[in-house]
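Got your viewer open? Here is a short tour, with something to select at each stop.

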Amino acid sequence: MKIRQLNENLEKISRGRSEFNLQISSPDKQEVTSQKSRKTSPVGEIDIVGSEIEEHTRSLVDSLIKNDRRRNILVFAIVGAGGIGKTTLAKRVFNDRRIEEGFSVKKWVCVSQDFDDINLLKDIYDGTKDDLAGDQSRSSLEPKVESSLGGKKLFLVLDDVWTAKVWCDLLCNTLKSCAAGSRILVTARNEQITMQMLAVRICRVNKLSLEDGWSLLCKKVVLTGEEGEIQHLKDIGMEIVKKCDGLPLAIKAVAGVLCTKERTGRAWGGVLESTAWSASGLPEEVKGALYLSYEDLPSYLKQCFMYFSLFPEDYIFKMNRITQLWIAEGFVNAEGSLTMEETAEEYYTELIMRNFLQPYDEEDHYRELTMRNLLRPYDERPCQMHDLLHCLARNLARDESSVVSKVDEVGSSNGPKKLRRVFVSNACEVGTNGTMTEIADVLVKEDTLRTLMWNMRLMTETQMDVVFDKLSRLRVLDMSRSKIQRLPDSFDKLIHLRYLNISGTMISVIPGTIGNLKNLQFLNISFCGSLSRLPNCIVNLHNLRSLNLDGTRVVGMPVGLGTLQNLHTLRGFNPAPSNRAEGWCTMEELRSLSCLMDLSMRRLECISSSSEARAAELRNKPKLGSLFLCCTRVRQPSEEETRRIEEVFEELHPPRSLEQLWIENYFGRDFPKWMAETSSSTSILFPNLRMLFLNHCRYCERLPPFGLLPVLEYLVILNADSVINIGPEFSVGISSGGGRAGVDTPKCAFPRLETLAFGRMSNWREWHWDKGAQAMPCLKYLFLVNCPKLMSLPEGLLLHATSLTKLGIWNAGSLTTIENLLSLKELDILGARKLQKVSDLPALTTLEVDDCPKLQVMENVQSLKRMKLVDHEMKSLPSYLLIKGVHTAHLEEMEIRCSMELIRKICRRASPEWPTIRDIQEVHVYSKDRSVHVLYNKSPFSFTTNVNDTTTSSSSEMPTSSSGTAL
């Protein structure tokens, strides 16, 4: 299954159209779908202290997977005060390997106080959203959700539940057809709610002890891990922890304040004695530490923090979008040589550092090994805000910002209100268009409105015409993913507009009146698939800082693009075909765009000559940090086409400032010299390059010396079909005489590389890395995916990659041995059908072996705790388990997926398999379709199975507890 799924993912990438940009992956489309609930758990790295959470996790998982036949689906609950760590505990349960293995469907949905029935049902539906595109009522959705989950064993987390109605009135009946053993895990502040939901077990999260609170404070104040640096402040620190009342969120909030202070008793005493601890006029749950942390913010960050109140709870924020909105709102003041974009990014970073924002889904990036994960952008820096901090922001900004899903929510606060910003929720899509019309009628009376986010599907052209006519002071307008096909005539009245997002709409024509929007700074028309041309007046928008055309059919740009001197982001630039050059801008117009920081270009085969490419002068753009270069896929390029594209790329030389580089569908035989320098000067050319992606560079036989890049952290190489050998040239280059390049060659190649992935390297046979060549000391993750001819891992990797913790090898059919990786903790092997030996992995704790039928030797894996063994043809346990190559007594968890014949053997006490199984703490055995299972626990003893075959054994032959009772 994994190989098939992986190949499907790779195939999607391979079939990508010329405009497919791996750099951006339509951030606005992703954000909109996350407005009211989210389906996947936020599984970022969490600061955890104390042993209680480990005990709770283990105990809850034990209960959740226990065979309990009271009902098909049972409710479990985690309760506690706001900010105490309920979601943290639920995350750990959700990501537990036993949960992963024990349920066929896992879902995570944040419910929140203002949850919407329709969006909730859509998020729980087990299928694609396209299947539900026309469904906007419970009556149409409920049978589809029930059918999609019928007969499946479901694990569903309902996070932050405020009313039992979500279960009793909405989901209980809909999910009744799930398979026996399905489970619901609820987090809630109110225990009565979980009792009304008939929870069979309630786990109460306790407040942190003083010592655990101090430990957490230290972790968050001293980010270097040298917690001894503040031990002299423990007495006063403990007094601060006491004021936080054992709540982790409060402790982290105060830590965000302390990490900006001097590490002196006087500075910390000032925090302890601050009057902000006792501020009044706020809800009880956001007083104290949370308000203190807000009060400590500099003024420029206060307004940025309050801006998050504009979005619904549990929203996933992405840095590029939020910082653009801040700039458009006038919150950002650049100083010195920094641009507004760079300054806004510093604001965003400081809010993370101060613990107002929590990074989303970072560490779990590698949980699912797919090419989309490896290729997804890392600079989006997605974050979320805890609901209590969101509550604080909402209370502080209540007279200015509003999230609207009903008419009476517009202007619903007490007293005179100057409503500045409105986010219209998708909940308004429910039912007829009447609700939306009513909301539009109310909004047009709010003449102080500056920001309108109405990214919905049912806004009519007539409604837009009225709104634009009345709300002429708008600075921000987001209508992404709506079904609008054209902008109304009143559009040109929005003369104050700074930010316009119409991405993902059905618009096919941009009206010429857009040229009247002289103040426009950000224009996002990405993924408007019907759009093929820009109006010529676009070049009159001289304040434009960002123009995003990715995913459109726009070919060629209007003459005069070069006059947009303030452009910092240009995505989806297409050089005009030579036969249509008249009236279209040329590459030369890029020369004057000296402020560019982010540039993506497609259809580079349309550039007619090297001189045309040279005219862009990319090398002279001192701020350019991200560059995407893409050609249209060419099946068999001619000699002339090959020569010309090589000459063109030679002239697209990036500047020293470059941090991220994507190259896709390049069809030259040699990489440009600026990539393939054969001396250590490469490290001087690109001293800032951190991320590098090569995809479908099919005709290049030799990889450039990327090992010379001094700060490269992330390297992905896919579909390099002509590469047969990777040798020293990959690390340090080769001089013209055949030796290593340059006298200044660094002592260690790839000195900062953390992630390396090779995928679909169909002809790659050998990886030469001499044991004397030091390289990759920081490498943590290595993935080899669909490399069927690779014979072995290089000796240098075994000796020098001393930080390697995860190795994923999928479909490497010629690999025979994996050994001597002393730091490796997690190994995932799939489809290595010639693999014979795994040995000398002393730190390995987690191992998955799937479809490796010749594996006979496994030794010196003494730290192994968790193992998964998959071979649906397997009729007996492999010899390395039976003869104790693996010390099974040390194993805590084992999952086996095998043939029915082996399942029957495991059920027999007298079989050769039973002594091996008996030594393992916990064993789950499944048939191919998971319909048959054996579940064993060593202590306390339990053995259950649904094997019902008279040829298997009588109950007296089955394993028993120490008392001799067959179970």
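Select isoleucine 818 and valine 838: the valine, in S28, is the bridge partner of the isoleucine. This is a predicted model, where local features need pLDDT of at least 70, side-chain atom pairs count only at pLDDT 80 or more, and totals for chains, interfaces and linings use all residues. Residues are numbered from 1 along each chain as its sequence is written, and side-chain values use heavy atoms, with hydrogens and water left out.

Now show all of S26 and S28 (residues 837-839), which pair in the parallel sense over 3 bridges. Strands here are DSSP runs (E, at least two residues; helices are H or I, at least four), numbered from the N terminus, and two of them pair if DSSP finds at least two bridges between them. Add S30 and you have an open sheet of 3 strands, ordered S26-S28-S30. Strand S26 (817-819) and strand S30 (857-859) each have a single partner strand, so one side of each is left without a neighbour in the sheet.

Go back to Ile818, which is also among the residues with the most contacts inside the largest nonpolar core, a group of 162 residues. Such a core is a set of buried Ala, Val, Leu, Ile, Met, Phe, Trp, Tyr and Cys residues joined through side-chain atoms within 4.5 Å, where buried means under 20% relative accessible area (1.4 Å probe, protein chains only). Leu570 is another of those well-connected residues. Apart from this core lies another, of 95 residues, including Leu60 and Phe76.

Conventions
Buried < 20%, exposed > 50% of the residue type's maximum accessible area, 1.4 Å probe, protein only.
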